[in-house]
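Subject: Structure handover

Hello,

Here is the structure I promised to pass on. Please open it first, then read the notes below.

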Amino acid sequence: MYCRTKGSAWRTRDMHSILLTNPIALLAVILGSTIIFILFLQPRHLSSSPKSDSMAARSFVLWLHGLGDSGPANEPIKTLFRSSEFRNTKWSFPSAPENPVTCNYGMRMPSWFDIQEIPVTADSPKAESDVLKAVQNVHAMIDKEVAAGTDPDNVFVCGFSQGGALTLASVLLYPKKLGGGAVFSGWVPFNSSMMEKFPEDAKKTPILWSHGMADRTVLFEAGQAGPPFLQQAGVTCEFKAYPGLGHSISNEELQFLESWIKTRLQSSS
């Protein structure tokens with residue numbers, strides 16, 4: 001997520017203040033930081049699995065990026081999922097449209113929905129109408145894949161920061177149970193009154209929520225507000241806190257995500 005803070009300094013995922021006069025130059029810097037964590041990964045051997053490729057059912061992972069980012073910049077993430085269970089997985093990394101963003105003084109940038117302020121706190125204003133429009137687009141992507149033959153139980157929606165907030169909204173408002181939703185450094189993008197609109201089947205979709213305790217862009221308190229909200233709605237959530245982690249995704253988080261999805265994938269019959 002990349003916006004000016006309530007002060008005058010720009011902030012990137014590592015929380016360093018950068019004073020720049022050209023927002024395009026800023027985006028060039030931050031897009032490079034999107035996948036930098038991948039460059040430091042140690043090679044991993046393919047994990048052994050009793051499942052053969054023929055037994056690995058078709059699955060779909062939809063990844064939603066953060067504010068100011070792009071889908072292609074996040075595509076290297078899929079190279080980390082090397083287990084045989086992912087041989088028949090289709091990955092999708094869509095890019096958000098260019099929209100004016102309030103916290104960025106109305107300047108246009110890739111954004112799924114409007115954000116009023118940075119840092120995002122548990123009490124930050126919600127742009128519910130914008131969020132609901134974005135949810136419709138995500139649902140269209142999921143519907144297309146389900147119509148192509150993917151079991152909804154093998155559909156996983158994942159997202160970072162603004163994409164994490166959209167992930168949560170999309171999963172909770174989808175008319176069917178999905179394989180799971182994974183929120184990284186996200187927040188609840190609507191008020192509790194929205195709970196009455198959650199379909200009963202959607203409440204059966206498990207949620208994985210990961211958040212860095214040193215996050216100064218989407219504060220840890222915003223992440224902590226997620227599990228109580230979901231519990232009140234009757235949704236199962238596994239919350240994982242990462243000490244020392246700022247507004248970024250760690251190797252540890254992605255490795256856990258791989259195992260989390262593996263345990264929920266349905267085999268082909």
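Let me start in the core: F81 and F86 are both buried. Please keep in mind that this is a predicted model.

How are the rings of F81 and F86 arranged? Their centres lie 5.3 Å apart and their planes meet at 75°, so this pair is edge-to-face. The cut-off for that class is over 60 degrees. F81 and F86 also belong to one aromatic cluster, together with W91 and F93.

The structure has nine aromatic pairs. Another of them joins F190 and F198, with ring centres 5.8 Å apart and planes at 50°; the pair is therefore tilted. Both F190 and F198 are buried.

One ring has a charge over it. The charged end of K240 sits over the ring of F256, at 4.3 Å from the ring centre.

Now the overall picture. The protein has 269 residues, and 52% of them count as buried. Six helices and ten strands make up its list of secondary structure elements. Take the contacts between residues at least 6 apart in sequence: 74% of these join residues at least 24 apart. The accessible surface is about 11700 Å². Carbon and sulfur atoms account for 53% of that surface.

Next, the salt bridges. A search of the whole structure gives five. Two of them involve E145, and I would look at these together.

The first partner is R58. The closest N and O atoms of E145 and R58 are 2.8 Å apart. Which parts does this bridge connect? E145 is in helix α2 (residues 128–147), while R58 is in the loop between α1 (23–33) and β3 (59–64), so the bridge ties together parts 87 residues apart in sequence.

The other partner is K90. Here the closest N and O atoms are 3.2 Å apart. K90 lies in strand β4 (residues 89–92) and E145 in helix α2, so this bridge ties together parts that are 55 residues apart in sequence.

Is E145 buried or exposed? E145 has a relative accessibility of 3%, so it counts as buried. Its two partners read otherwise. R58 has a relative accessible area of 36% and is partly exposed. K90, at 43%, is partly exposed as well.

A further salt bridge runs between K204 and D201, with the closest N and O atoms 3.4 Å apart. K204 counts as exposed because its relative accessibility is 53%, and the cut-off for exposed is over 50%. D201 is partly exposed, with a relative accessible area of 36%. As for shared partners, salt bridges join R58, K90 and E145 into one network.

One more residue to check is S170. S170 is part of helix α3, which covers residues 162–173. What does S170 touch? Leaving out residues up to four places away in sequence, S170 touches V135, V138 and H139. The relative accessibility of S170 is 0%, so S170 counts as buried.

If you want a short route through the model, go from the cluster of F81, F86, W91 and F93 to the network of R58, K90 and E145. Then go to S170 in helix α3, and finish at K240 over the ring of F256.

Best wishes

Technical notes
Residues numbered from 1 in each chain as written. Predicted model: local features only at pLDDT ≥ 70, side-chain atom pairs only at ≥ 80, totals over all residues. Heavy atoms only, no water. Phe/Tyr/Trp six-rings, centres within 6.5 Å; stacked < 30°, edge-to-face > 60°. Buried < 20%, exposed > 50% of the residue type's maximum accessible area, 1.4 Å probe, protein only. Lys NZ or Arg CZ within 6 Å of the ring centre and 35° of its normal. Helix = DSSP H or I, 4+ residues; strand = E, 2+ residues; numbered from the N terminus. Contact = heavy atoms within 4.5 Å. Areas by Shrake-Rupley, 256 points an atom, 1.4 Å probe, with all protein chains shown as cover. Salt bridge = Lys/Arg side-chain N within 4 Å of Asp/Glu carboxyl O.
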